[in-house]
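Colleague: Got a minute? I'd like to go through this model with you, starting with the ligand.

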Amino acid sequence: MLESLPADPAADHIVGLPSDLPPDLPPDHIVGLPPDLPPDPAADHIVGLAADLPADLPSDHIVDRAARRAAGVVKWTKYDSDVVPAWVAEHDLGQPPAVHERLRQLVDAGAYGYHDANESMVEAFCRWATRRHGWSPEDGLVRPTNNVVQGVWASVQAFTRPDQKIVLSDPVYYPFHELGPTTEREVVKWNLVRDDAGWHYDLDHLQALLEGDPSIRLLLLCHPQNPTGRVLTAAQLTRIVELAIEHDLIIVSDEIHYDLVHPGAVHVPTLTIPGAASCTIAVTSGIKTFAIGGLRCAVTVCGDERLHAVLAAIPDNLLTAPNRFGCEASIAAWDTGDAWVDDLRATLDTNRHRLVDRLHAELPEVGIHLPESTFLAWLDLSAFEPGDRPSTWLRALTGVACESGPKFGAGGDGHVRLNFGTSPEVLDEIIDRLVAGLAGT
Ligand SMILES: Cc1ncc(COP(=O)(O)O)c(C=O)c1O
């Protein structure tokens, strides 16, 4: 979900296209696939694509700003071209080559009809989760969905009654603040706490909340955490699962950022914790790792058959399946993307150090902790008294567009979330602008 879309994203970038349309009208149409589209998209279509991999690694990626804008990528079109965007949670570092190749094949074939790629997508997800995370979900317990947030909302509807409460930790991915009002469930806050080492979950506080209120039924975990980048350890997850079992709590574990965890931390999927299967639903997707958010494809993974049967109460017409492009892009990315993601992680690791090192040296008034995960940094600008809309204030001063901290809930005052998932050149410009605009204010 985006904060707000530009007034008319379609306005300019489509202009002129109709005159270029080829004169291939239905009467001339020849039924058939281009020769290079394999007959069974599920079976072999990835074979061979990975051979080209080194051609387009994230570390080589050059961000062509004009091309991003012309293509209507909202990260780059929301603000004027003199603003450098670091707001929405999407990186600029491209996709594995196999994703482009597969989508091009489908476009060349005009393959826009109904599809049966869901099952292959789920199988590719399970292979990826096993290889990358030591987590082997059973495909029968994985429900293909359009997006991650849909899986969160559906879980709240399926596993709680209106008189039961949900627990949420601020600061958090801000659309989650709509969860209570839109499902008419009361929200109990288990907010992160901050000390010199950064932001943390306080598990004693969670225990006290659960002991004090038996109507709490569901905990929404953001793991790894957006916006602080905090990664829960196996020991912390084990305690959360034990508390869940003791208090008959359902855990919904949003693991959309699971691939992008930096050296020093490890992502432990909640469903790999002993006992978690009976009380956990995990939601995730490839969209953050591979920057394919517009394609809409995700999975909701139930720990066991009982949970799966309860979630089945939400009909397919509400918890909708992904489209073919989302499935095919995800399959191609998961089945060929290992080396590409390793390179992406190395690039993001370099970027996070560059950002933190430069800010510590050149703008020591900015509070920043080295993020353990994601391409998002949580900056405390309160020393500058930025007001209630810190991102608007910062944009006017520096020409860098971030997300405003107060939208993320408690702990967000005076903060902005900055996206460092971009090329070194763009990141340096972002930091240069922050330094030029804030030094001496
Ligand atoms: C924690 C978290 N969950 C969910 C999403 C959105 O995922 P989707 O677009 O698949 O609903 C985001 C996007 O930034 C996110 O950070």
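Colleague: So how many residues surround the ligand?

Modeller: There are 13 around the ligand, and the closest are Ala-89, Asn-147, Val-148, Val-149 and Asn-226. A residue is near a molecule if its C-beta atom, placed from the backbone, lies within 6 Å of it. This is a predicted model: local features need pLDDT of at least 70, side-chain atom pairs count only at pLDDT 80 or more, and totals for chains, interfaces and linings use all residues. Residues are numbered from 1 along each chain as its sequence is written.

Colleague: How does that shell divide into nonpolar, polar and charged?

Modeller: The shell has eight nonpolar residues, four polar and one charged. Here Ala, Val, Leu, Ile, Met, Phe, Trp, Tyr, Cys and Pro count as nonpolar, Asp, Glu, Lys and Arg as charged, and the others, Gly among them, as polar.

Colleague: And what's pLDDT, then?

Modeller: pLDDT is the predictor's confidence in each residue, from 0 to 100. The protein averages 91, and 88% of the residues score at least 70.

Colleague: Where does pLDDT stay under 50?

Modeller: Over residues 1-18, with 14 contacts beyond four places in sequence, and over residues 33-48, with 18 such contacts. Two residues are in contact if their C-beta atoms, placed from the backbone, lie within 7 Å. Where pLDDT is low, the predicted coordinates should not be read in detail.

Colleague: Okay, new topic. How many helices and strands are there?

Modeller: The protein has 14 helices and 14 strands. Those are DSSP runs numbered from the N terminus: H or I with at least four residues for helices, E with at least two for strands.

Colleague: What's the strand order in the sheet of seven?

Modeller: That open sheet runs E2-E10-E9-E8-E7-E3-E4, with mixed pairing. Two strands pair if DSSP finds at least two bridges between them. Strand E2 (142-145) and strand E4 (186-189) are at the edges with a single partner strand each, so one side of each has no neighbour in the sheet. On average, neighbouring strands are turned by 20° against each other, direction ignored. For angles in general, axes are lines fitted to C-alpha atoms, for helices over the stretch in contact, and angles run from 0 to 180 degrees between N-to-C directions.

Colleague: Which helix packs on that sheet?

Modeller: Helix H4 (residues 118-133) does, touching E2 and strand E10 (298-302), and its direction makes about 120° with that of E2.

Colleague: How do E2 and E10 pair, parallel or antiparallel?

Modeller: Antiparallel, over four bridges, with Thr-145 opposite Ala-298 in E10. Both faces of E2 are covered: Val-142 and Pro-144 are buried on one side, Arg-143 and Thr-145 on the other. Buried is 20 or more other C-beta atoms within 10 Å of a residue's own, exposed is 12 or fewer, and partly exposed is in between, with C-beta atoms placed from the backbone.

Colleague: What about strand E8 and strand E9?

Modeller: Strand E8 (residues 250-254) and strand E9 (residues 280-284) run parallel and are joined by four bridges. Ser-253 stands opposite Ala-282 in E9.

Colleague: And which strands form the sheet of three?

Modeller: The order is E11-E14-E13, open, with antiparallel pairing. Strand E11 (376-380) and strand E13 (403-404) are the edge strands, each pairing on one side only. Helix H13 (residues 390-398) lies across E13 and E14, at about 65° to E14.
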